[in-house]
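Visitor: Please take me through this structure one place at a time, and give me the reasoning before each answer.

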Amino acid sequence: MELKAIEWLGDKLRILDQRKLPWEESFLDLADYQDVALAIKEMKVRGAPAIGIAAAYGIALGAQNIKTTNRDEFLSQLNQVTQTLAATRPTAVNLFQAIGRMEKAAIGNNVPGVKGMLINEAKQIHQEEIEATKRLSQLGAELIQDGFTILTHCNAGPLATAGYGTALGVIKAAREQGKKISVLITETRPLLQGARLTAWELMREDIPVTLITDSMAGHFMKQERIDCVIVGADRIAANSDVANKIGTYTLAVLAKDNSIPFYVAAPTSTIDLSLASGDKIPIEERDSKEVTHFQGVPIAPEGITAANPAFDITPHDYVSAIITEKGITRSF
Ligand code: MRU
C-alpha cells in the first residue's frame, strides 16, 4: 500500500504521526499553520524534505485563514506565519528553501489570487521533491551491487521525504533493479528513527533488514560485513560538508578507517551554497529529556545533565559520493 506521509486535502493537511510509529498508524488533520509548526517541532513530521513540504503547506493554510483583503495587511500577517514556521527546526535547509519559495510566490495585488498561488506553489514543491527523490534513487542504485549489505542511519525513506526516499530510496531502487541486498540499520538514539521508522518502512517493502544499536556499527564494519554506508542529509554546505542525524560523523570516520564507501543521498533542495563549510550550519539542540527519558519513562538518575545535539557535521573528506537528482559527485 502506498504510504502518504503528507497529504493535502484542499483545506487541511493530513500527516502520518511519526512519533506514534511503529505502534500506531494514526493520521492528524491540521487545519491551521500553528498546528503544522508544532507538528514539525515535535517531529510528528520530520526528515529534511518532508519538513520543507509540510512548512509550504502550512504557509498555504495560514494564508487561507487570513481574513483581510488588503494586500499590505495580508503580507504582514503572512510574514507572521512564515516566521513561526521558520522558528521550528534550524538545521534542515529544505525548510528555509521552501519558505523562500512561498514568499516569492506571494506576488500580486489580488489577495484571493495570491492565496490560490500559494496552494499551487506548495503542491509544486511537494511534486518536485517526489520527482527528485525518485530520480536520485534510480541514479544512486548504480552504486549498489548485487549481494551488498548496506548500513543506513536514522530514517531517509518515504516518511522523511513525502516522496520516494533518499538513502532508503536508493536501497529500494537497487532492489527494484533485481539486486539481492540486505540492510543493517542503526537504532538512532535518542528518538530511534532507525528502530521505529526505517525498520517499519523496510519491513513493509519486504527488504531484508537487521537492527543494530548505534554502538555496534564499528564491530560490523571491522568484520567486513558491510559493503557501503548510505545516509540522507539535512544540509550540505558549498564545500560538500554534510549535516545529518547525530552519529553520522562517527559512522563516516569508521567507514573510512575500514575502507568502506560512505554515500550521501539528497535532493538538491538540501544543498546550501550560501554556506562555505559545515562549521556554519546551525545545529539544533533539542530538549535533554529526549536523552534522559524514553516515551516519558526515565532511563537515567533524576537531575542528570544531558546534551542533545540533533545533528552533526561530516567533513567532505569522509564522503565518497553525493547522490542528487542531477547526478552523482564522486570524490574517488
Ligand atoms: O531529526 P530528524 O528525524 O528530522 O532527522 C532526519 C535526518 O537526519 C535524515 O537523515 C535527513 O533529514 C535526511 S531525510 C531524507
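**Strands, helices and loops**

Visitor: Which residue in strand 9 is the bridge partner of Arg-235?
Guide: In this predicted model, strand 8 (residues 235–237) and strand 9 pair in the antiparallel sense over 2 bridges, pairing being assigned if DSSP finds at least two bridges between two strands. Strands (E, at least two residues) and helices (H or I, at least four) are DSSP runs, numbered from the N terminus. In strand 9, Arg-235 has as its bridge partner Ala-243.

Visitor: What pLDDT do side-chain atom pairs need in order to count in this predicted model?
Guide: Residues are numbered from 1 along each chain as its sequence is written, and side-chain values use heavy atoms, with hydrogens and water left out. Totals for chains, interfaces and linings use all residues, whereas local features need pLDDT of at least 70, and side-chain atom pairs count only at pLDDT 80 or more.

Visitor: Which strands are the edge strands of the open sheet of 4 strands?
Guide: This open sheet has mixed pairing, and its strands follow the order 11-8-9-14. An edge strand pairs on one side only, and that holds for strand 11 (271–272) and strand 14.

Visitor: At what angle does helix 10 run to strand 14?
Guide: Helix 10 lies across strand 9 and strand 14. Angles run from 0 to 180 degrees between N-to-C directions, and the axes are lines fitted to C-alpha atoms, for helices over the stretch in contact. By that reckoning helix 10 runs to strand 14 at about 30°.

Visitor: Why are the buried residues of helix 10 on the same side?
Guide: In helix 10 (residues 248–257), the buried residues (under 20% relative accessible area with a 1.4 Å probe, protein chains only; over 50% is exposed, and in between is partly exposed) are Thr-248, Leu-251, Ala-252 and Ala-255. The arc is taken from the directions of the C-beta atoms as seen from the helix axis. These residues lie on the same side of helix 10 because the arc they cover around the axis is only 100°.

Visitor: What covers the buried residues of helix 10?
Guide: Contact here means heavy atoms within 4.5 Å. The cover includes helix 9 (217–222), strand 4 (149–152), strand 7 (228–231), strand 9 (242–245), strand 10 (262–265) and strand 14 (311–314).

Visitor: Is Ser-259 buried or exposed?
Guide: Ser-259 follows helix 10 and is found in the loop between helix 10 and strand 10. Although Ser-259 is a residue other than glycine, its phi is positive, near 55°. With a relative accessible area of 68%, Ser-259 is exposed.

Visitor: At what angle do the axes of helix 3 and helix 5 cross?
Guide: Arg-71, Phe-74 and Leu-78 in helix 3 (residues 71–86) meet Val-111, Val-114, Lys-115 and Leu-118 in helix 5. By class, that contact has 5 nonpolar, no polar and 2 charged residues, where Ala, Val, Leu, Ile, Met, Phe, Trp, Tyr, Cys and Pro count as nonpolar, Asp, Glu, Lys and Arg as charged, and the others, Gly among them, as polar. The axes of helix 3 and helix 5 (residues 111–140) come within 10 Å and cross at roughly 30°.

Visitor: Which backbone atoms does the side chain of Thr-161 reach at 3.1 Å?
Guide: Thr-161 lies in helix 6 (residues 158–161) and is buried, with a relative accessible area of 1%. Leaving aside residues up to four places away in sequence, Thr-161 touches Pro-49, Ala-50, Ile-53, Thr-133 and Thr-166. A polar contact is a pair of N or O atoms within 3.5 Å; within protein, one must be able to donate a hydrogen and the other to accept it, and residues adjacent in sequence count only if both atoms are side-chain atoms. The side chain of Thr-161 reaches, at 3.1 Å, the backbone oxygen of Gly-157 and the backbone nitrogen of Gly-165.

Visitor: Is Ala-162 buried or exposed?
Guide: Ala-162 is found in the loop between helix 6 and helix 7 (167–176). Its phi is positive, about 50°, although Ala-162 is not a glycine. The relative accessible area of Ala-162 is 10%, and the residue is buried.

Visitor: Which backbone nitrogen lies 3.1 Å from a polar atom of the side chain of Thr-91?
Guide: Thr-91 lies in the loop between helix 3 and helix 4 (93–105) and is buried, with a relative accessible area of 0%. Not counting residues up to four places away in sequence, Thr-91 touches residues including Arg-235, Ala-243 and Phe-311. The backbone nitrogen at 3.1 Å from its side chain is that of Glu-284.
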